[in-house]
Amino acid sequence: MLMKDRLIKRIEDQAKIFKSRAVKGLEDGKRHDLVQRDERKSMWTAHNRLGWSFPKIGSAFDRDWRTAKKVVESHNAKLDQRRRRNLIKVLRDEAYSKCGKDDHSWFDDSRFEGIAYRCERSYEVGYFGNVETRGFVKTCLFCGYSQSGIVI
Ligand SMILES: [Zn+2]
């Protein structure tokens with residue numbers, strides 16, 4: 001069996017299990033039980049790895065297609081958030097390690113702003129309302145070292 005076929009089989013088997021715990025409304029005959037964690041993951045896999053449309057997922061899992069859409073989208077948002085948090089952690093660790101070696105060359109990389117250094121910008125407005133100088137002070141969030149300069 002191809003890997004994709006195996007995955008389809010797995011999703012279909014899981015869908016059967018999920019449907020077996022369905023709580024249906026007496027009035028509308030629709031599922032009224034909440035989508036649990038394992039079902040969420042299974043829907044996400046069906047959409048992202050098998051390319052199933054929301055209506056197809058809906059019918060396989062006996063859910064409204066809008067429920068499937070909502071579940072997949074919120075799972076995507078969660079993954080994005082996790083990816084962002086991981087990236088922040090990697091950047092922070094990198095800056096922290098360099099700070100320990102007295103290296104603050106990463107002040108020039110704006111990806112570190114707000115994560116490992118704080119930047120305060122200042123402006124001086126001239127007599128005619130024109131901005132004459134723009135300065136900045138960057139401060140390391142770990143050791144407090146600061147660097148100031150003029151924005152060109
Ligand atoms: Zn530092």
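**Helix 3 and the nonpolar core**

Helix 3 (helices being DSSP runs of H or I, at least four residues, numbered from the N terminus) has Phe 54, Ile 57, Ala 60 and Phe 61 as its buried residues, where buried means that 20 or more other C-beta atoms, placed from the backbone, lie within 10 Å of the residue's own. These four residues lie on the same side of helix 3 because they cover an arc of only 125 degrees around the axis, the arc being taken from the directions from the helix axis to the C-beta atoms. The model is a predicted one, in which local features need pLDDT of at least 70, side-chain atom pairs count only at pLDDT 80 or more, and totals for chains, interfaces and linings use all residues. Residues are numbered from 1 along each chain as its sequence is written.

The buried residues of helix 3 pack against helix 1, helix 2 and helix 4, with contact meaning C-beta atoms, placed from the backbone, within 7 Å. Among the partners of Phe 61, leaving aside residues up to four places away in sequence, are Ala 15, Phe 18, Met 43 and Ala 68. After helix 3 comes Asp 62, with a positive phi near 55 degrees.

Turning to the core, the largest nonpolar one (buried Ala, Val, Leu, Ile, Met, Phe, Trp, Tyr and Cys residues joined through C-beta atoms within 7 Å) has 14 residues, and those touching the most other members include Ile 57 and Phe 61. Helix 1, helix 2, helix 3 and helix 4 each supply at least two residues of this core, and helix 3 gives the most, with four.

Conventions:
A residue is buried if 20 or more other C-beta atoms lie within 10 Å of its own, exposed if 12 or fewer, and partly exposed in between; C-beta atoms are placed from the backbone. Two residues are in contact if their C-beta atoms, placed from the backbone, lie within 7 Å.
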